[in-house]
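Subject: Structure handover

Hello,

Here is the structure I promised to pass on. Please open it first, then read my notes beside it.

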Amino acid sequence: MTAIANAPAPSALRGISGGVASLLDNFASIKPADQVVIAYAADSRKYAAHLILELQSRDIGVRAVAMRPLVDPDIKAELHAVLPPRESLSGKLVVITLEKDSMSHFEVFAELFELYGKNKCKILRIISAADELFASAFTRTPRELSLRNATLLEKLRSETKIRVTTEAGTDVEIELDHDRYDWISNRGTWRPGAFMILPAGEIATYPAKVNGILIADGALNCNIVTRMDMRLGSQPLRITIEDSVAVDFACTNSEINYLVEGCFSRENGRFVGELGFGTNDGIADFVSDNSHMNERYPGLHLGFGQHNQAPSNVRYYADIHLDVVTRGGSVHLPDSGEVLRLDGFNPRHGIAHPVLIRDQDITGDCCSSGCSVVRPVFG
């Protein structure tokens, strides 16, 4: 096992230990016969150490390998050096990757499905590793998230037009085309042959058309590397959208303005490429990091720039993806006459989650051009 020096004392990890246990029990579903490999970036060593300590306390076989994000010519060889022989596996191989800003080396990890077999290999890919992630994002189980996602999908897939409003002043009209554009549901449920992208708790599609005013008082999440505070809070971002294009924006926070201007200046960066709804109500608030936790928070998010569909279906490409997130909101469903509060709806128990083409985030980049293509903050 690759040594992890200066592992934090157990007392320092008390606030996230419950999240580690939930990750292993509810999402990875670790069994005594399983063997675990943890691949971690330097920014996530602390969480790798905590996982190793927990697995060792359960007498679960675990090995670890350090990796450099995005570009690491040695990762394949170093990973294979710690992998258990296939014939030694009586249970499953469970691979957990940990990174803060990126999700790297898709091809290297995807090859493990072929090497071990899709039914014998689970790969959990954690992005936005941080104390808050373990403290709150794993407090809802995959079953709870699945019920919430299924409830929302049932209501939204029966509508062709919806309206979303928020207390901050958002008022957007959205047209949906369920026959043409796929829905994606991230709920932390294992599907053989696919990565499980964590944190979980979101449904998303490509909107056929968006018009109106988006006033985001939640946070941003973007495929860039930045240490700026991504929360919007008392300085909301206002975006005017016409025919699915951001035509104007304003924010009293100069750093946010600078970031948004940089994103919108990229080719196709002003296009609305995603309609998303966060469903993880275990996430209590937005975080300052450039984090996927922010778009999993219960509310509306519109993703500008790169879309989440197959290239043959939506033909433009953007090298930027900027998620703009509201705090809560209400979805007005004209066909049923119902108004659904995103931060307070009750899931319908017993509902079956629909079978979707992309029932989980994909084996490649979970944000299309989002997680694997990152760039420094503009400037």
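Start at the hairpin of E18 and E19. There are 4 residues between its strands, and glycine 337 takes a positive phi near 75°. Keep in mind throughout that this is a predicted model.

The two strands of this hairpin, E18 and E19 (residues 338-341), pair in the antiparallel sense over 4 bridges. Look for serine 330 here. Its bridge partner in E19 is arginine 341. Serine 330 of E18 is also the bridge partner of threonine 165. That second link belongs to the pairing of E18 with strand E5 (residues 161-165), which is antiparallel and has 3 bridges.

Now step back to the loop between E17 and strand E18 (330-333). Threonine 326 is found there. Is threonine 326 buried or exposed? Its relative accessibility is 0%, so it counts as buried. Its side chain reaches the backbone oxygen of glycine 328 at 2.9 Å. Leaving aside neighbours within four places in sequence, threonine 326 has a list of contacts that includes Thr166, Leu214, Asp217, Phe286, Tyr297 and Leu300.

Next, the open sheet. It has 5 strands in the order E2-E1-E3-E4-E8, and the pairing is parallel. Why do E2 and E8 each have one side without a neighbour in the sheet? Strand E2 (61-66) and strand E8 (196-198) stand at the edges with a single partner strand each, so one side of each stays free of a neighbour there. From one strand to the next, the twist averages 20°.

Zoom in on one pair in that sheet. Strand E1 (residues 35-40) joins E2 in the parallel sense over 6 bridges. One of the matches is alanine 39, whose bridge partner in E2 is valine 65. Helix H3 (residues 75-82) packs on the sheet and touches E1 and E2. The direction of H3 makes about 165° with that of E2. Helix H4 (residues 106-116) lies across E1, strand E3 (93-98) and strand E4 (121-126). H4 runs at about 165° to E4.

H4 also takes part in an aromatic pair. The structure holds 10 aromatic pairs. In one of them, phenylalanine 113 and phenylalanine 195 are tilted, at 5.9 Å centre to centre with 35° between the planes. Phenylalanine 113 lies in H4, and phenylalanine 195 in the loop between strand E7 (184-186) and E8, so the pair ties together parts that are 82 residues apart in sequence. Both phenylalanine 113 and phenylalanine 195 are buried. Elsewhere, Phe27, Tyr47, Phe134 and Phe138 form one aromatic cluster.

Last, the cores. In soluble globular proteins, nonpolar side chains tend to be buried together. How many residues does the largest nonpolar core have here? It has 45, and Leu220, Ile239, Phe277 and Phe304 have the most contacts inside it. Helix H7 (residues 254-264) gives the most to this core, with 5 residues. A second, separate core has 40 residues, including Val20, Val94, Leu124 and Ala219.

H7 deserves a look of its own. Its buried residues are Ile256, Leu259, Val260, Gly262, Cys263 and Phe264. They pack against several strands, among them strand E11 (219-222), strand E13 (237-242) and strand E16 (299-305). At the start of H7, a side-chain oxygen of asparagine 253 comes within 2.9 Å of the backbone nitrogen of glutamate 255.

Best wishes

Note on methods:
Residues numbered from 1 in each chain as written. Predicted model: local features only at pLDDT ≥ 70, side-chain atom pairs only at ≥ 80, totals over all residues. Heavy atoms only, no water. Pairing = 2+ DSSP bridges. Axes fitted to C-alpha atoms, helices over the stretch in contact; angles between N-to-C directions. Contact = heavy atoms within 4.5 Å. Core = buried A, V, L, I, M, F, W, Y, C linked by side-chain atoms within 4.5 Å. Buried < 20%, exposed > 50% of the residue type's maximum accessible area, 1.4 Å probe, protein only. Polar contact = N/O pair within 3.5 Å; in protein donor to acceptor, adjacent residues only side chain to side chain. Phe/Tyr/Trp six-rings, centres within 6.5 Å; stacked < 30°, edge-to-face > 60°.
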